[in-house]
Amino acid sequence: MRAAVLHEIGQDKLEVLDDVEAVGFGPGRVRIRIRACGLCHSDLSAMGGVLPQPAPFIPGHEGAGEIVEVGEGVTHLKPGDRVVVCWLPACGQCPSCKRGQTELCLAGFMNAGTPNFKRPGGDVFGMAGTGTFAEEVVVDAACAVPIPDDVPFDIAALIGCGVTTGLGAALNTADVEAGSSVAVIGCGGVGISAIQGARLKGAAEIVAVDPVASRREAALKFGATRAAAPDELADAKQEITGGEGFDYVFEVVGKSATARTAYENTRRGGTLVVVGAGAMDDFLQLNMFELFFDEKRILPSMYGGGDVLRSYERVIALWRAGRIDLSGLITHRVPLAEINEALDQMRTGAALRTCIEI
């Protein structure tokens with residue numbers, strides 16, 4: 001089958017090969033025919049070594065498709081079922097799951113260390129234990145979440161990561177208060193989803209901050225009340241909050257520099273929500289006095305900060321009701337053979353989300 005492979009961490013291009021095989025099928029596992037994927041910035045981060053990922057590997061963790069085959073013991077799925085790939089399934093048994101914090105379950109991360117593809121030259125890993133830039137993937141049954149027939153594959157793919165992450169950061173983690181002021185730093189697919197979440201919660205002012213003009217313009221269509229380049233944020237803060245700072249600031253880049261900017265633009269007693277996934281050697285510096293004196297809440301948000309399955313259901317319900325726009329997030333479409341074009345669209349900021357059609 002065909003798949004897009006990164007041979008070594010640090011390479012900036014993928015090679016589309018036709019000699020890849022999905023392996024590991026057996027009890028408790030399913031085989032999925034991938035139909036559509038979204039390109040998430042985390043894929044680029046894994047390719048560049050910012051996020052830990054063994055290589056060679058097949059990127060992609062935001063995908064949807066159809067069940068081809070189910071292993072022994074899998075009773076909730078059957079061939080032909082439409083599913084979204086969940087890269088962070090909950091085991092239901094660990095302390096995090098029992099506390100109701102299923103987004104902190106480590107079961108999915110354990111899958112990342114086991115190759116689920118192979119080539120004549122040896123084993124190949126899948127991004128976050130999945131690897132959806134491939135025609136087929138074999139995963140634990142918990143990674144395949146059924147979706148209704150009226151949800152298109154491209155929409156379902158976005159629900160698998162970016163939309164759930166951004167929307168959940170506003171709805172679950174921050175629980176944005178109606179009438180509040182919000183700034184979102186980083187307005188790709190995840191940041192735009194956070195903007196939509198803040199709008200749903202009734203935020204009065206939502207400032208979209210991004211260096212790319214097309215993304216700032218798009219943010220206004222999704223609910224932002226103002227768009228600002230990074231060097232315009234100070235003016236927006238002054239005009240909207242009188243210089244006090246925003247009630248909520250979402251950092252959706254994954255860098256300490258932007259997290260520090262987000263902290264400085266959060267009002268005293270306000271909330272900084274860290275959504276971006278950054279590197280282990282990139283440290284955010286805060287002095288102990290400001291941490292105590294400003295009483296700003298710093299809330300990391302992992303995968304939207306809530307139960308994944310309930311979050312998927314909520315996204316679908318909101319989409320059906322016309323309360324959120326998902327199709328508008330897909331600004332580009334490319335076949336798997338042109339995956340490197342999609343990578344360039346992500347790097348330059350030209351795309352909110354590129355749909356990879358497989």
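Ala128 is buried in this predicted model, with a relative accessible area of 18%, a value that falls under the 20% limit for a buried residue. Ala128 sits in the loop that connects E9 with strand E10 (136-140). Its phi angle is near 55 degrees, which is a positive value in a residue other than glycine. A positive phi is also found at Asp175, near 50 degrees, and this residue too is not a glycine. Asp175 belongs to the loop between helix H5 (162-174) and strand E12 (181-185). With a relative accessibility of 44%, Asp175 is classed as partly exposed, because that class covers values between 20% and 50%.

Strand E9, which precedes the loop of Ala128, is part of an open sheet of four strands. The strand order in this sheet is E3-E8-E9-E5, and the pairing is mixed. The edge positions are taken by strand E3 (21-22) and strand E5 (57-58); each has a single partner strand, so one side of each has no neighbour in the sheet. Strand E5 runs parallel to strand E9 (residues 122-126), and two bridges join them. In this pairing, Ile58 has Gly126 of E9 as its bridge partner. A cis peptide bond links Ala55 to Pro56, with omega near 0 degrees. Pro56 itself is located in the loop between helix H1 (41-48) and E5.

Elsewhere in the chain, strand E6 (residues 63-70) contains Ile67. Ile67 is buried, its relative accessible area being 3%. The C-alpha atoms of Ile67 and Val30 are 7.0 Å apart, while the two residues are separated by 37 residues in sequence.

Two helices were examined for the distribution of buried and exposed residues. In helix H7 (residues 213-221), the buried residues are Arg215, Arg216, Ala218 and Ala219. Viewed down the axis of H7, these residues lie within an arc of 165 degrees and therefore line one face of the helix. Glu217 and Lys221 are exposed on the other side of H7. The buried set thus includes two arginines, Arg215 and Arg216, together with Ala218 and Ala219.

In helix H8 (residues 233-241), Leu233, Ala236, Lys237 and Thr241 are the buried residues. They span an arc of only 100 degrees around the axis, which means that they are on the same side of H8. The face of H8 turned away from this buried side bears Ala234 and Glu239, both exposed. Lys237 is therefore counted with the buried residues of H8, because its relative accessible area is under 20%.

On the surface, a nonpolar patch is formed by Leu104, Leu106, Phe109, Met110 and Met302. Together these residues have about 490 Å² of accessible area. Leu104 is placed in the loop between helix H2 (95-98) and helix H3 (107-111). The relative accessible area of Leu104 is 38%, so this residue is partly exposed; membership of a patch requires over 30%.

As for annotation, an unreviewed UniProt entry lists residues 10-352 as "domain: Enoyl reductase (ER)". Over residues 10-352, the chain is 31% helix and 24% strand. The C-alpha atoms at the two ends of this range are 23 Å apart.

Note on methods: Residues are numbered from 1 along each chain as its sequence is written. This is a predicted model: local features need pLDDT of at least 70, side-chain atom pairs count only at pLDDT 80 or more; totals for chains, interfaces and linings use all residues. Side-chain values use heavy atoms; hydrogens and water are left out. Patches are made of residues with over 30% relative accessible area and no salt bridge: like charges are joined within 9 Å, nonpolar side chains (Val, Leu, Ile, Met, Phe, Trp, Tyr) within 5 Å. Accessible areas come from the Shrake-Rupley method with a 1.4 Å probe; for residues, only the protein chains shown count as cover. A salt bridge is a side-chain nitrogen of Lys or Arg within 4 Å of a carboxyl oxygen of Asp or Glu. Buried means under 20% relative accessible area, exposed over 50%, partly exposed in between (1.4 Å probe, protein chains only). UniProt positions are given in the numbering used here, feature names are shortened, and annotations may be inferred rather than shown by experiment. Two strands pair if DSSP finds at least two bridges between them. The arc is that of the directions from the helix axis to the C-beta atoms.
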